[in-house]
Amino acid sequence: MIIYKTEEEIECMKEANYIVAKILHELKEMIRPGIKTIELERYANKRIEEMEAKPAFKGYRGYPYSLCVSINEEIVHGIPSERKLKEGDIVSLDLGVYFRGYYGDAAITVGVGNISSESKKLLEVGKRALEIGISMAKEGNRISDISNAIQQFVEKNGFSVIRDFVGHGIGTSLHEDPQIPNFGPSGRGPRIKKGMVLAIEPMIAAGSHEVEILPDNWTAITKDRSRAAHFEHSVAVTNNGPLILSSLNREE
Ligand code: MF3
Ligand code: CO
């Protein structure tokens, strides 16, 4: 069941998502060779508490931390650890919070120091795929128009779209209907309507889309060990089109 949000509820969701955007921005500034991924987790927890929010992922289906940190061939759900980031790595940071009744959820992928030109392209295509997906989140379209636009763009650029994970509605639950795949034919699924809030999250790989789960039962990696990127925004559908809630710019 899709839950439509009022303008007031969307205002509340802006607050939750602003907290996510702000912390992700601060984490991005901390990324450098030598930092342990558990240090990013600790910083995120400190900031979530300071901003009087709660972590959304900790305890979700037993996930042990607040942040997902996925390095190189890790696609999503990487677990923070003593592992140090190295020059040339790419790292995805995925964060969700709960604030005054609503969830916020977003993810970015960033390079550590200098990265290869293929990695740069992977990040650019991933980021642009998210923007293209967001631009399709407007009345008159259907959910799979988002999916199809993302797939077309990513494959045209020689990369593949991960098929085992989807974007989702978001609100008073972290995951609500509808599911938003990042591939498939256009013109299918629910009609996009004002009041929908959608977490759109393309995950792309430099090689094949096939996925494997590590023995930790969380970390998803590419089967061919090619590098992956993940970008996510929570977006409200309004009369004026898509509105990115997980943006640093509160005026947007
Ligand atoms: N952004 C991801 C999602 O919305 C993160 C969930 S990780 C989990 O599905 F730990 F909470 F499962
Ligand atoms: Co999400």
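**Exercise 1. Find where Arg227 sits in the chain, and say whether it is buried or exposed.**

Step 1: Look for the loop between strand S12 (220–222) and strand S13 (228–230); that's where Arg227 is. Strands here are DSSP runs of E with at least two residues, helices are runs of H or I with at least four, and both are numbered from the N terminus.

Step 2: Check the relative accessible area of Arg227, which is 24%. Buried means under 20%, exposed means over 50%, and partly exposed is in between (1.4 Å probe, protein chains only). Arg227 is therefore partly exposed.

A quick word on the ground rules: this is a predicted model, where local features need pLDDT of at least 70, side-chain atom pairs count only at pLDDT 80 or more, and totals for chains, interfaces and linings use all residues. Residues are numbered from 1 along each chain as its sequence is written, chains are lettered from A and ligands numbered from 1 in the order in which they are written, and side-chain values use heavy atoms, with hydrogens and water left out.

**Exercise 2. Work out which residues Arg227 touches, leaving aside neighbours within four places in sequence.**

Step 1: Use the contact rule, heavy atoms within 4.5 Å.

Step 2: Go through the partners of Arg227, which include Asn72, Glu73, Asp89, Ser119 and Ala206.

Step 3: Pick out Ala206: its C-alpha atom and that of Arg227 are separated by 5.6 Å, though the two residues are 21 apart along the chain.

**Exercise 3. Describe the largest nonpolar core and say which element gives the largest share.**

Step 1: Get the term straight: a nonpolar core is a set of buried Ala, Val, Leu, Ile, Met, Phe, Trp, Tyr and Cys residues joined through side-chain atoms within 4.5 Å.

Step 2: The largest one has 29 residues, and Ile146, Val154, Leu198 and Ile200 have the most contacts inside it.

Step 3: Two or more residues each come from helix H3 (117–135), helix H4 (143–156), strand S9 (197–200) and strand S14 (233–238). H3 gives the largest share, seven residues.

Step 4: Zoom in on Ile200, whose contacts beyond four places in sequence include Leu130, Ile146, Ile150 and Val235.

Step 5: Don't miss another core lying apart from this one, with 25 residues, among them Leu27, Ile31, Met51 and Val69.

**Exercise 4. Sum up the whole chain: how many helices and strands, and what share of residues is buried?**

Step 1: Count four helices and 15 strands.

Step 2: Of the 252 residues, 54% are buried.

Step 3: For the extent, the C-alpha trace spans about 45 × 45 × 30 Å along its principal axes.
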